[in-house]
Amino acid sequence: MSLFEEAKKYIPGGVNSPVRAFGSVGGEPVFISKGKGSKIYDVKGKEYIDYVCSWGPLIVGHSNERIVSRLKEVIENGTSFGAPTELEIELAKLVVEYVPSIEMVRMVNSGTEAVMSAIRLARAYTDRKKIVKFEGCYHGHSDSLLVKAGSGALTFNQPSSPGVPDEFAKLTLIADYNDIESVKKLFKENKDEIAAVIIEPVAGNMGVVLPKGNFLKELESVCKNEGTLLIFDEIITGFRLAKGGAQEYFGIDPDITTLGKIIGGGLPVGAYGGKKEIMEMISPVGPVYQAGTLSGNPLAMAAGIETLKILGEEGFYDKLREKSNKLWEGFRENCNKLGLKFAFNCIESMGSLFFKEGVVESFADAVESDTKLYATFFHKMLAKGINLAPSQFEAMFVSSSHSEEDIDKTIKIHYEVLKEMFGN
Ligand code: PMP
């Protein structure tokens, strides 16, 4: 019996998060035994260059020595106290220093929890109930947000889930990404009722889709004019596009920011932060309740601190950008050489190849992609030792541990695979 067959006997679908099951690309998922730097190894010892990077957190690669050694130091003193520790202050200080709009931050255990709490806070602060999200953006699986969602929900064609009461879903209004008119229309129809607009400033959960022109600026000003809070879900883009995330990159000042992935350096962490006046509505200072037995866990804090310190070093993002651009240019050249006109979107160290000709600037564009072609591409890359996300609607991530040699090898294999699929 394969490990997957065994896992399926005890765990629904054999996995603890749906996309891992290879549902949309077919076949059995690879079971991983270890990771080091840019590489992961399956249980049979096969090596892969990894561009999933645990779905984003591992911006400095697997088993980074500094993170591992700090974790070892911290674990010697215990794993959880349910009481405040200095580590929590250290990480909070770094977040406030790095992320321009954050004056105070609260740690939680996952991205889902961060977004769920941020929405509650926005509703309390504005005393309004409705929220606006964009079709194809994913903000975790809390009830209010699992409406027309991206990521695994989109991959499995379940963008809205049974079990979410209509009464909740009705409070979540849906706009089109990159279409400011669709937002203005919702504001007109729901005057003074919208607590918050939540957005992935660069969408990463319908594949990578970049904000066009002034879209984010216009969104910021619509929210200001309407007394609505702008929530940037930077769970992917935070510390990825720049030290200060997408808000630094695009010069936007959101009211609340949600963070996850990189902030935990590979351990389970989420966070939400923003202006002091808003954040001080949270318990125990204010009336908005939110809590967590393991929140601010010392191991998670230590991994986050070491990761953020590495990101703060001179030239970190320049080097990562250079490496990423080399890979993206290599991919584009490969497509050109083979006369392929597929859309390729990238920004800094995140990118997506869409099996759709022309551009992908919206959710409607993204879902026109040929997911069967993606499945073939994915399996051929995997067989040749390149690990990509098992879905068309996810990003690939470059880490600082990817070497020139990894990049060259990946470009070469990418060419071979596309040639096998489309060459004549
Ligand atoms: N928001 C965004 C933008 C995400 O990409 C994700 C996870 N991929 C989440 C929220 C939810 O985070 P988690 O899986 O840690 O609950």
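Q: What makes strand 8 and strand 9 a pair, and in which sense do they run?
A: In this predicted model, strand 8 (residues 229-233) and strand 9 (residues 256-259) are joined by three bridges. A pair needs at least two bridges, so the three bridges found here qualify them, and the sense is parallel. One of the bridge partners can be named: Phe232 stands against Thr257 in strand 9.

Q: How do you know which strands are the edges of the sheet in the order 4-10-9-8-7-5-6?
A: The seven strands form an open sheet with mixed pairing. Strand 4 (104-108) and strand 6 (172-175) each pair on one side only, and these are the edge strands. On average, neighbouring strands of this sheet are turned by 20° against each other, direction ignored.

Q: What makes helix 4 run against strand 9 rather than along it?
A: The angle between helix 4 and strand 9 is about 165°. Angles are taken between N-to-C directions and run from 0 to 180 degrees, so about 165° puts the two in nearly opposite directions. Helix 4 also lies across strand 4, strand 5 (130-134), strand 7 (194-199), strand 8 and strand 10 (270-274).

Q: Which element gives the largest share of the shell around the ligand?
A: Helix 4 (residues 111-126) does, with three residues. The ligand has 17 residues around it, and Ser110, Gly111, Thr112, Gly140 and Ile235 come nearest.

Q: How is the shell around the ligand divided into nonpolar, polar and charged residues?
A: Ten residues are polar, five are nonpolar and two are charged. Gly counts as polar in this division, so Gly111 and Gly140, both of which come nearest to the ligand, fall in the polar class.

Q: Why is the crossing of helix 3 and helix 11 called left-handed?
A: Helix 3 passes helix 11 in a left-handed crossing. The term applies because the near helix is turned anticlockwise from the far one by less than a right angle. The packing angle between helix 3 (residues 86-98) and helix 11 (residues 298-311) is about 35°, and their axes are 9 Å apart.

Q: Which residues bring helix 3 and helix 11 into contact?
A: From helix 3 come Leu87, Glu88, Glu90, Leu91, Leu94 and Tyr98, and these meet Pro298, Met301, Ala302, Gly304, Ile305 and Leu308 in helix 11. The contact divides into nine nonpolar residues, one polar and two charged. Gly counts as polar and Glu as charged, so Gly304 belongs to the polar class and Glu88 and Glu90 to the charged class.

Q: What makes strand 1 and strand 2 a pair?
A: Four bridges join strand 1 to strand 2 (residues 39-42). At least two are required, so the pair is accepted, and the strands run antiparallel. Ile32 stands opposite Asp42 in strand 2. Both strands belong to an open sheet of four strands in the order 1-2-3-13, with strand 1 (32-36) and strand 13 (386-387) as its edge strands.

Q: Where do domain 1 and domain 2 lie along the chain, and how far apart are their centres?
A: Domain 1 takes 3-63 + 317-422, and domain 2 takes 65-311. Their C-alpha centres lie 25 Å apart. The contact takes 32 residues from domain 1 and 34 residues from domain 2.

Q: What is unusual to note at Pro284, cis or trans?
A: The peptide bond from Ser283 to Pro284 is cis, with omega near 10°. Pro284 is found in the loop between helix 10 (276-279) and helix 11.

Conventions. Residues are numbered from 1 along each chain as its sequence is written. This is a predicted model: local features need pLDDT of at least 70, side-chain atom pairs count only at pLDDT 80 or more; totals for chains, interfaces and linings use all residues. Domain bounds come from an automatic or database domain assignment. Two residues are in contact if their C-beta atoms, placed from the backbone, lie within 7 Å. A residue is near a molecule or strand if its C-beta atom, placed from the backbone, lies within 6 Å of it.
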